Amino acid sequence: MLQEIMSGQKAAFSASAHTELRGQLNRSRRVSMLAGSIVSNSRTDVSGVSARVYKNGTYGFSSMAEYSDEAARTVLQAASENADFMDRHAGRGLPSLPPLGKKSRPLTQDIHDVAQRTYIDFLRALDAYMVEHCPGLISRSLSATEDSMEKVLLTSDAMDAHTILPRSYCYLIMTAETPDGAPVELFQAVGGEGTFDLNFTDPALVYPQIDALYERIMHKREGVYADAGKKTVILGGMMTGMLSHEAVGHTVEADLVLGGSVAGHCLGRKVASEKVTLTDFAHTAFGERCPLPVFVDDEGTEAKDVPLIENGILTGYMNSRQSAQHFGMEPGGNARAWLFSDEPLIRMRNTAVHPGTDKLEDMIASIDDGYYLLDSGNGQADTTGEFMFGVTMGYEIKHGKLGRALLDTTISGVAFDMLRTVDMVSDTVVWSSSGFCGKKQPMPVGMGGPALRCQVTIGGR
Amino acid sequence: MMKKLERLAGIILSEAKSLGASFAQCTVSEDETKEFNVDGGKFSLMRTLFDRGVSITVLKDQRKGSVQLNRFDEDAVKAAVKDCIAASESAEPDPAWAFSDKACILEFTVGDPVCDTDALFFRTRELLENIAQRHPKILVEQMITSHSAGLSVYMNTNGVVYQTHSGAYSFSVMYSAHEGEKGSSFYSSDVTLACLDRPVIDCALMDRELSAVEQQIETIPLGDKFVGTVLLAPQALMEIVLFTILGNFVSDGSLIEGTSIWKDRLNTQVADPRLTLSVSPYKAHAVIGEDYTHEGFLAQDYDIIRDGKLVRFALSQYGANKTGFERAGSTGWNLQIPAGTTPFEEMIRKIDNGILVMRFSGGQPAPSGEFSGVAKNSFRIKNGKITGALSETMISGCVPDMLMHLREISQDVLEDGSVSLPYIAFDGVTVSGQ
C-alpha cells in the first residue's frame, strides 16, 4: 500500500495555478496456460509520482518513477516549468478553472497480494476439468489475472483522495474444428472487481462457465454463415454494452466532441428510439454497485452519474474540468489516468443502456427471420458513429425460435441510425468489465445493457 | 549512468544465482521523454517523464518466473528477485525455455539520444500550420509529438551483456475532415524520425494521406455487391494481411497450439511469386529496430516469405523448441515488403472494378484467415478512375486466397520509421454496401 507521504508538498503548490499531485502504484499479476503448459508467469509493480499544473488554458505535466518527497518536489517543479513553456509559446489566455471545493476521501479498503502459486493452482484445476469434460477441442488456453490501481491524490482546489481499484479474472479460450477442418474459437472472461483470492475461492464455481462455453463452441463448430444484409436482430447484453461504449460513448467524450465527433451537432436532438436511455454510471447503477466503481477522478472531482441519452434525446457529454468549463457543463468525474506517468483523460466508467420491460423470450418469439447475437470478440467505432463489431457467438432465429449457431461474422452501421430502430428492450442488464479501453492510455471500464431488438447490417461470410 | 545500470543488473543476477536460479536475465533501463499534445487543433499539454524499468526472468529447474518493477533501490530489487524465484518455483518445468548462451559484450547506439526540445516544439507547430495551410478542411483531433531517450543494459548469467543508447522523435496525428455538419472518418498518420531536418508533413505518406481524407467528406454508396480488386494502402495491408499472417499463421501461439493453417506449409508456395515479406530490424527504414530478442539473441534480418514461398516461421527460441522449427532472426515487427515497379497512379488506371482501402475496421481474423469488416477511408475505382469516396462499405475474403491472387505491387512505399510497405492490389475480394 502507498503511504500518504506527500501532504507536506501542498505548501509548494502555486497560489496562481490549479495543481494536482498524484502518487500511484499499479500492480499486475498474470499466469497463462496454453494446452496445459504455462507460457506466461509474471508479476509487475509500477509506482511513481506525477504533477500537473494548469495555466491560462494549457497544462504542464511531469512524472518520475519514484514515490518519494524528493520526487514529488522534482515533478512539481518540472510541471510548473512545462506550464510556463506552454503559456509562453502556445498560451490560450483562458480563465482559471472554477474551484470544486476542498474535500477529502480516505482509503476505504485494503488489499493484499496473492502468491503466484494461487493463480497457477487455480488454472491447473480448470485445465484438468477442461481435459476431462471437453473432448474434441483442438486447443485450450487459460489465463488468470489481477490488476489494481492505487492512487494518493492531492489537489489545490478540489478533492484529496486515497483510492484503490482491484479487479481479477479468469479467461477461458477454446478452439474446435468445423467438419471441414477450419478452426473456430470462443472466449469467456469470468470475474470482476476484487482481488483474485476473493473472486475465485473454488474452481468448481467456474466449471458451469466452462460447461456453457463448451456447449457453445460445440454448437459453433456445426455453425453456418449468416446471410449478409440488413436484418432484424436481438443484440445480447454484452453486445449492447459494446455498442454503448464503442459506438456511442466515445462520440460523447467532450475531448472527442471538440475533435469533431458527430455528437458535436446533436446535443438536444433525438438520436435514438425513445426506448433508449444511456448513462455513464460512477459507482452505483440500478441499485447495485457498478462493476468498476469510481468515487473520485484524478482531477479531484467527486464522481457522479453522467446522463448521455434520455428517452432517445442526447443530453450530455462526459467532461474533464477544462472541457466542462468550455461547454458550460458540470464535470462528473470522468478524468482518469492509468499509470502514475499518465495525465488524466476523459474516460468512461460504467456505461450502460437502461433496462426496459420486455422479456427476452418474447423478443425472440417476435422475430420470424433474424439473429440473436450474443458476444463480440472486439469492436471499433469512428467519431462519425460508424461502428463494426466482430460477432463471435450468435444463433439464427427462425419463426420465433432459436436455430443453428453462427460462424464468426460482423455487424456494422451508424450508431445513432441503428439506435433509432430499437423497438424492444429486455428487462435484464448484463455487464462486462474484463477489458481495457484504449485511448492514448489503457483504462479498465465497465459496460453493459439489456438485450435490444433492432435493425443492423450483418456481414455474412 | 550506464555504470549504475550495469551494477544493478549485476546485483540482480548474483542475487538470483544465490537463490538457486540455474539461469537469470534482466534488463535495466532509464528513459526521459519530452512530449507535446494538441487536442481539437490547439496545444493542450507539455509533458516531461522520468521513467525507469527493471525486468527480471529466472529459470529454476527449467521453471520460469518473470517480474517487472520500476524501482532501482537495492531492497526493492532484491525483493523482486525473491518474488521471481517464488513465481518460478510454482510453475511447471518446461524444457523448451532457452536463452542466448554466446557470451559477449556489445554496445548499440540507435537514433539520436539527445532531445532538442525547441526544435521538437517548432516542428510540431509547423506541422499544425502546414496542415491548416495545405489542408484547410482537416481538423486535428489529437496530435502527440515526442522524443524518448533511453539507456538500457541487458545482462544474463551466460555472460551476455548489451548496452543500448537510443533516442527518436515520433509524431502521431489523428484527424478528420469537416465541412458544416458533415465529416469524414478519422485517420491517423504516424512517423518516427531520427532527426528533425525537414518538415514532418513531408515525411512518410502524411501529405498524401491528409489530401485523401479531405476528399472523404462527401461519400457515395457502393451500389451492387461485387467480387473485384481491392487496392490496400500500407496501413490497411498491415491490418488485414500482415496481422493475420503474423498473428494466426507464423508465430509462437498458433504454431504451439497447432491451429496455424500453415504449420505444414514450410518451403511451399503460399503467395504469388512476386511477394517477399521480411522482418528487417537493420534496414534503413527502421529508425529504432530491435537489436536483440527478449531471449538475448542478437537480432537479424530474415524473410518469412521469399518469392511467394514460406521460408521461415516468426518463432522465438521457446516456440522453436516447442515446435521443432527454426528460431526467427528477430521477434520485432520491422516489416518490409520490397516495392514493385508500377507507380500508384498507374495501378489505379489498370483497375476496372474495385476499391482503394486506406484503413480497415474489422474483427479479429479467424484462425483460417477469413476476415470481414468495414473498408474505412475508402474510394470506389471504376474503369481506371477514382469515382468518389465510399460510405459504409464492407469487404470480406480469405487472406491465404488473396496472397495467391495478388495483382500488383506499387513502386510507392510507406517508410514510417518502423516498416517499409507498398500498396498492394488483390483480386477476388468480396465488396458489399449496407
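Which domains does the domain assignment of chain A give? I looked that up before anything else. The assignment has domain 1 running over 7–221 and domain 2 over 229–458. Note to self: this is a predicted model.

Next I checked how the two domains of chain A sit. Their centres, taken over C-alpha atoms, are 21 Å apart. I then pulled up the contact: domain 1 of chain A puts in 38 residues, and domain 2 of chain A puts in 24 residues.

Which elements supply the domain 1 side of chain A? I find strand 1 (18–34), strand 2 (37–55), strand 3 (58–64), strand 5 (139–155), strand 6 (159–177), strand 7 (183–193) and helix 4 (207–221), each giving at least two residues. I sorted that side by residue class and got 16 nonpolar, twelve polar and ten charged.

Then over to chain B, for a helix pair. I looked at helix 1 (residues 2–18) and helix 2 (residues 74–89) of chain B, which pack at an angle of about 40 degrees with axes 10 Å apart. I put helix 1 of chain B down as oblique to helix 2 of chain B because of that angle. I have the crossing of these two chain B helices as right-handed.

Who meets whom there? From helix 1 of chain B I list L8(B), I11(B), I12(B), E15(B) and A16(B); facing them from helix 2 of chain B are E74(B), V77(B), K78(B), V81(B) and I85(B). By class, I log this helix contact in chain B as seven nonpolar, no polar and three charged residues.

Definitions and conventions:
Residues numbered from 1 in each chain as written. Chains lettered and ligands numbered in written order. Predicted model: local features only at pLDDT ≥ 70, side-chain atom pairs only at ≥ 80, totals over all residues. Axes fitted to C-alpha atoms, helices over the stretch in contact; angles between N-to-C directions. Helix = DSSP H or I, 4+ residues; strand = E, 2+ residues; numbered from the N terminus. Parallel < 35°, antiparallel > 145°, perpendicular 65-115°, else oblique. Left-handed = near helix turned anticlockwise from the far one by under 90°. Contact = placed C-beta atoms within 7 Å. Nonpolar A, V, L, I, M, F, W, Y, C, P; charged D, E, K, R; others polar. Domains from an automatic or database assignment.
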